[in-house]
Amino acid sequence: MAKPPFSLEGYKIPDAAEEQGRPYDEREANRAWENFLTFGDAKRENSLVRGVIEESWQRSIKSGVNARSRGSSLIASPDDLYELRLKNDDLLGSSARTFRRVAEVLGDAATMLVITDRNGVVLDVGGDQRTIDAGHDIRLEVGAAWGETVTGTNGIGTALVTGKPVHVHAAEHFSEGIKAWTCVGSPIRSPIDGSIIGIIDFSGPQAIFHRHNVALAVIAANHIELALSEKIRLERILLLEASISRMPGMGSADGVVILDRFGRVVHHNDMASARWRGIAQSRELSIGSQILPSSEGLLGKDLAEGLPEELREQRIEPLVVDGVVKGAMLVLASKPRTKPAASEMSPTARTALISAKDAIVGCSEALLDVVQKVERAALGRTAILLEGETGVGKELFASLIHAAGQKTGKEPFIAFNCGAVSKELLGGELFGHAPGAFTGATREGKAGRFEFANGGVLSLDEIGEMPLDLQPYLLRVLEERAVYRLGDSKPRPVDVRLVASTNRNLKQEVAEGRFRKDLYFRIGVVKFTIPPLRERLGDIEILIDHFNRKFATTYNTQVLRFEADTMDLLRRYSWPGNVRELRNLVENLVLMTLTGVVTLRDLPEDFLESTPAEPKSGLPQTVHRATESEAEEIARFDDMERRAIERAVANAGGNIAAAAEKLGLSRATLYRKLHQYRSRT
C-alpha cells in the first residue's frame, strides 16, 4: 500500500487558540490597522488583532516600512541571485522533492509555494501558475526580499523574526498593497545547529486560508529538514571514508576532528574531546561548531591559516571527495609536533607563501596532491624538476617552491627562459662573463643569473632547450656549488636552489642524445609532473569563475554568466593549451560578449572547430542531423525571444505592463515567460 505524501503523525500542530487567537474579522482587522497607523495602538476601541500581528506591526513601523507599499521593494541582481542560489544549493536540492509532493496535495488550489533563504530572499517558487503570475504584481517572485524590514508583516518575514510557524491573513499584513493575499510561513532549521536557514511559505488569495495550511507548512518544513539531515549524513560518511586514507602515521592517542565544507564539526572522537580541553579552552568542541571560515561552502586554500590561533600548530589536511575538497581533517596530536618550516617564517615570508598558493587555482585531487608534495619538497635544498605540458602553470609551482622554502621573505627569485636567448648569449646570461671574454662582452664583466639568485631560487624554464655544450657548465655549478664566469677561472661560491621546468620528455631526450644523462639525474632528484587541465576534475568551472571575476574587475565590466550548454562544451574540451588557453578564452569573452550571458555563438570560431562533437546516438546520421538542426532552430528562436523580452523590460525601466504592451503580450504571458527563462539560468 502506497504511503500518503504526508502524515500528521508525530508533528505538533499549532493550537487553534495559540495560532489564531480570536476569530478573524476583516473589518475589525482593518480598523485596528488604521488605528495603529493613526494612534500607534491597534487595540483602540477594543479592536480585534492578534498579539503576534501587533508586535510585527510595531517592528514594521520602527523599520520605516511604507504602509502604503505594494509588496517588496528590494530585488536581487541576476549575479547576486546566482550567488545566493549557489550558496543555498543544499536547501534548494533538499526542498525539490517536497515541493513536488506538496503541489500534488494542493492540486489546483490557488496557492503558490515559496522557498527563501535565511534573510527572506525568494530562491524558488512553484505551485499554481496563475497565482505565480499574480505574485509578480506584488513582487512575490524569485530574487525579491520579503523580510519584515523590507515588506512589513507577512508570513515569510514574521516567521523569520519569531522563529515559529505563522499565518498572516489578508488585512493583517502591514503593507496595504498585499492585503488581498494570505500567507503561511514555517521556518526551516539546520539539522546541525538548529539555526534558521530558510522559510517555506504558502501564499495566495485570502480565500485559500485554512488552519490545516499551517499544519501543512510545518510538515513540509520538517520534510525538508529530514532531507537535509539525510544529505548531511551521507556527506559525513563520505568524509569519514576520505579521512581513512589519511590515518597512516597517526598515533592511537591522537584526537581527530572532521569538518565539512562549511568548516563545521561533523564528527570527532573521544580523544579529540580530551585534547581539546587542553588546547582550546576558550571554545567548545561540539557537533556544528564553526572551526574554519568558509565562503559559500568553499574552504580556503591555506587551511592552517584559517584555524583559531590556539590550533595553528595542529595538523590539518583537506578531505577530497570526487575530486573536490569537501571538508578537512584536524588532528590533535598526543605528542608535540616538530614545528613546520612555515612557523619559522617571517610575516613577510608567510604572506608570500599564501599569495603563491592562492595563485594556483583549483581544488581537484590531482592538483592538490602535487601542491602538497611540492610544498614538502621545498623544505629541502636539492634541485627540483617540473614537467608538464605547455600552459599548465609550471612557473606558478616554481614560485611556490621559492615561497615555501624561504625564511625572511627577502630571498631572491630569479626566473629565466633558456629558450628565449640565442645559444651564443645563453652561457653569459646564466654564468656571467669576465671582461672581454668574447666579442660583445662588457669591459667590466658581468654577473650571471646564478649570482643574482645567490641565497634563493633560480627557475630555469625550457631547460630542454639548453645546448649540449653548455650543459657541463650547469652540471659543474650544481656539483661544486660555485660558478665560473665565462673566461674566468675564479670560482664564486653560490647557494642557489635550482628549479628546472620543461614541456619535453627529458628521458627521451637523453635516449636520443640531446640531453646529458648525468645532468638529467642531477636536476631530477625530485621530479613532479604538473597535471594537464583535462585531468583536473572539477577545476575547469573554478578557473572559469576565477578568470571571469578577475577580468571583469580589470576591464570594469559585469561578471559573465554561462549558459548550461556552453559550460558543458567547455567541460568536454580537451584544452591542449591548458590553463593559459582557458585564461585567454575567458579574457576574450569578457571583452567581446555584449549581453552578459555567454552562449555557444559567443565562443570563437577556431575554438568551436577544435571542440569534439557531442557523442552521437545509434541513429542513422541523416536522422541525427535533422534532429540536431531542429533543436538548433528551436534554441535560436528561444534565445531571440528571450533577448527581445529582456530588451523590452529594460527599455521600459522594469515596468512589466509597459513592456507587455510593447511586445503585444498579455501581462500574465510576459510574467510566465520571464519566469520560464529565469528558471533556465
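**A quick tour of the fold, with a stop at helix H13**

The protein exposes about 33800 Å², and carbon and sulfur atoms supply 52% of that area. Please keep in mind that this is a predicted model. Of the 681 residues in the protein, 46% are buried. Here is a short walk from the overall picture to one helix, and then to two cysteines.

**Overall architecture**
- You will find 26 helices and 20 strands in the protein.
- Taking the contacts between residues at least 6 apart in sequence, 67% join residues at least 24 apart.

**Helix H13**
- H13 covers residues 365-377, which makes 13 residues.
- From its first C-alpha to its last, H13 reaches 18 Å, close to the 18 Å expected at 1.5 Å a residue.
- Leu 367, Val 370, Val 371, Val 374 and Ala 377 are the buried residues to look for in H13.
- Viewed down the axis of H13, these buried residues fall within an arc of 130 degrees, so they line one face of the helix.
- Two helices are among the packing partners of the buried residues of H13: H14 (394-405) and H20 (539-554).
- Those buried residues also pack against strands S12 (384-387), S17 (497-502) and S18 (526-529).

**Cysteines**
- The structure holds 0 disulfides.
- Cys 183 has a relative accessibility of 5%, so it counts as buried, the cut-off being under 20%.
- Cys 418 is also buried, because its relative accessible area of 3% falls under 20%.

Note on methods
Residues numbered from 1 in each chain as written. Predicted model: local features only at pLDDT ≥ 70, side-chain atom pairs only at ≥ 80, totals over all residues. Heavy atoms only, no water. Helix = DSSP H or I, 4+ residues; strand = E, 2+ residues; numbered from the N terminus. Expected span 1.5 Å × (residues − 1). Buried < 20%, exposed > 50% of the residue type's maximum accessible area, 1.4 Å probe, protein only. Arc of directions from axis to C-beta. Contact = heavy atoms within 4.5 Å. Areas by Shrake-Rupley, 256 points an atom, 1.4 Å probe, with all protein chains shown as cover. Disulfide = S-S within 2.5 Å.
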